[in-house]
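Trainee: Got a minute? I'd like to go through the charged pairs in this one.
Mentor: Sure, put it up.

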Amino acid sequence: MRNLIIIGASGHGQVVFEIACKIGLYDKILFLDDDLEKSNESLVVGTLSDIEKYLSTFEFFVAIGNNCVRKKIIEKLIYLGANMPTLIHPSAVVARNVEMGRGCVVMPGVVINPFVKIGDGVIVNTSSSIDHGCTVGNFCHIAVGSHVAGDVSIGNNSWIGAGATIINNLSICDNCLIGAGAVVVDDITNEGTYIGVPAKKYKGK
């Protein structure tokens, strides 16, 4: 018997719940959320302070979109020795030799091609793609409909926005946010927010 606790019961958590149901491995799936108003019927059974109650009998998945918050909770779970699966929607196409860390989710319609390495706590969101030979660091988010061409390296804690494109053979450093619809055509070596076609660093008003 396998049981799963999903941490985070809002929109992203509901998508993860659907994936966990479709995989068909879990007898019981419950939520923890500090906002008890986010009740999925009776499935929210407590808050993050209740994690240790479930450690011996449940696996854990952190379904929080914010990279920094997700990182903090996953690191706590690692410290506590929790079992954290990676969840892959049945419609995703993932090459046999892809390497993925703990607590990742691969959404419907995703394509991940051979020799890709993905760190811990990564979200690969709906209908996005990661081509051959890429490396994606810990706690990244590859957002809806974004496309990462071959042999790209993406640093830790980075966010590739909805519909963004990263051309092949590039490197993106840690802590970068690539805006929705942006096209990255050069290496990014300084953290920050990059927008536009081609993508340039956003310097604010």
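Trainee: How far apart are glutamate 75 and lysine 71 in helix H3?
Mentor: They sit four residues apart in helix H3, residues 67–80, so about one helical turn separates them. Keep in mind that the model is predicted.

Trainee: And what do their side chains do?
Mentor: Glutamate 75 and lysine 71 form a salt bridge, 3.0 Å from N to O.

Trainee: Are those two buried or exposed?
Mentor: Partly exposed. Glutamate 75 has 38% relative accessibility, and lysine 71 has 27%.

Trainee: How many salt bridges turn up in the whole structure?
Mentor: Four. One of them joins arginine 102 and aspartate 120, with the closest N and O atoms 3.0 Å apart.

Trainee: Where do arginine 102 and aspartate 120 sit?
Mentor: In two loops, 18 residues apart. Arginine 102 is in the loop between strand E7 (99–100) and strand E8 (105–106). Aspartate 120 is in the loop between strand E10 (117–118) and strand E11 (123–124). The pair links distant parts of the chain.

Trainee: Is aspartate 120 buried or exposed?
Mentor: Buried, at 14% relative accessibility; the cut-off is under 20%. Arginine 102 is partly exposed at 38%.

Trainee: Switching spots. What does aspartate 50 meet in a salt bridge?
Mentor: Lysine 53, at 3.1 Å from N to O.

Trainee: Which of these labels fits lysine 53, buried or exposed?
Mentor: Exposed, with 62% relative accessibility. Aspartate 50 is buried, its relative accessible area being 13%.

Definitions and conventions
Residues numbered from 1 in each chain as written. Predicted model: local features only at pLDDT ≥ 70, side-chain atom pairs only at ≥ 80, totals over all residues. Heavy atoms only, no water. Buried < 20%, exposed > 50% of the residue type's maximum accessible area, 1.4 Å probe, protein only.
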